Structures are given as structure tokens and as C-alpha cells.
Amino acid sequence: MVDAGGQADTKEGAAPETAVQKSDAQWREELTPEEYRVLRQAGTERPYTGEYWDTHTAGVYQCRACGTELFTSNEKFDSHCGWPSFWAPLAEGTVRYIHDRTLGMDRVEVRCAACDSHLGHVFEGEGYGTPTDQRYCINSVSLRLVEKEGPDDAPSGN
């Protein structure tokens, strides 16, 4: 887990016990091939191609695999990196962190704490003017935006 000092859980190997338990066959049946590749195989979508990289709609971003609320539009910011960026998750414990040493890099992977699906990575110290100095770089295909109902969206009662 990334703590105040930016440290991640270094445990590797088997996934932890999660609230959502499904077989690989169930995941393959429920997800599109691209969702499966990113969420279950820790893939990455191409930059500037995802549904939410440039979205400014108010709402809550859920895990596309299990529906857990992960991020809100209040913490989303324009990082110009080609993927949706957030400076913090919705609440502590909604995501988990593991060291990712693939591709010759040392990064911190972000996963849904409820179903252990891959979301993206978190980076620190990049100089963005955000309250946490963190950038949660998340794949659009890992998320589903539930738009916030505003006063104009409420039924008129007429």
C-alpha cells in the first residue's frame, strides 16, 4: 500500500482474498476481450484512445469488473498523459498497491481491492499541482463512469 512516505506493499505472488471471487472462465464470459486483457492480465490500453482520458463529466468512477466505487470526478485532473488521472482514490481501502517490476521499470501498480482487477499505476513527485502530488494513471477500460445527477437532471414533478 502506498503510505504517506510513498511506500508500496512489496508482497508478490498469489492474489489476496477478495470480496469478489470468480473463476477465470467467469471473467472471460463477463468481460470483453479488451476488458479482460487489461483488468485480468494487467494490460494497458493505448494512450489517448480510452473513453475517459479527456472526460470532465461529474460523477463516480466504478471498477468495470465488479462495480466498486474507486474514484470521483472531484479528484480527476488533466495530466495530458493520455489516460484518466486522479490525485487520490475515493476512499482508503478501495484500491490496493503492489510493486510492478515489469518492462524494466519499478512502478506501483493499482488494483481494485474488491476483485483484484488491474486498474493502472500511481506515480509520485511529478510536479503536478495536486493536493497529494500523486497521479493515479488509470486505464479507461478499467472504469465505468456513473454520472452525478444534478439539479437539472432531477424530475420536475409536473
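Me: In S9, which residue is the bridge partner of Tyr 61?
Reply: Quick heads-up: this is a predicted model. Strand S1 covers residues 59-63, and S1 pairs with strand S9, residues 143-147, in the antiparallel sense over 5 bridges. Within that pairing, the S9 residue bridged to Tyr 61 is Leu 145.

Me: And which residue in S2 does Tyr 61 stand opposite?
Reply: S1 pairs with strand S2 (residues 69-72) too, again antiparallel, this time over 3 bridges. One of the bridges there links Gln 62 to Glu 69. As for Tyr 61, the residue facing it in S2 is Phe 71.

Me: Which residue in the turn of the S1 and S2 hairpin has a positive phi?
Reply: S1 and S2 form a hairpin, with 5 residues between the two strands. In that turn, one residue has a positive phi of about 85°, and that residue is Gly 67.

Me: What is the strand order in the open sheet of 3 strands?
Reply: We've met both pairings already: S1 with S9, and S1 with S2. The edge strands are S2 and S9, each pairing on one side only. From one strand to the next, the twist averages 30°. Put together, the order is S2-S1-S9.

Me: How many of the 5 residues in S1 are buried?
Reply: To count as buried, a residue needs under 20% relative accessible area. S1 is mostly covered by that test, and the number of buried residues is 4.

Me: Is Leu 143 buried or exposed?
Reply: Leu 143 sits in strand S9. Leaving aside neighbours within four places in sequence, Leu 143 is in contact with several residues, including Tyr 61, Gln 62, Leu 70 and Phe 71. Its relative accessible area is 0%. The cut-off is under 20%, so Leu 143 is buried.

Me: What separates the C-alpha atoms of Leu 143 and Glu 69?
Reply: Along the chain, these two are 74 residues apart. Leu 143 belongs to S9, while Glu 69 is in S2, where it partners Gln 62. In space, their C-alpha atoms are separated by 9.3 Å.

Me: Which strands stand at the edges of the open sheet of 6 strands?
Reply: Read the order across: S3-S4-S8-S7-S6-S5, with antiparallel pairing. An edge strand here has a single partner strand, so one side is left without a neighbour in the sheet. That describes strand S3 (76-77) and strand S5 (95-100), so the edges are S3 and S5.

Me: In S4, which residue is the bridge partner of Phe 77?
Reply: S3 and strand S4 (residues 85-86) pair in the antiparallel sense over 2 bridges. In S4, the residue bridged to Phe 77 is Ser 85.

Key: Residues numbered from 1 in each chain as written. Predicted model: local features only at pLDDT ≥ 70, side-chain atom pairs only at ≥ 80, totals over all residues. Heavy atoms only, no water. Buried < 20%, exposed > 50% of the residue type's maximum accessible area, 1.4 Å probe, protein only. Pairing = 2+ DSSP bridges. Contact = heavy atoms within 4.5 Å. Axes fitted to C-alpha atoms, helices over the stretch in contact; angles between N-to-C directions.
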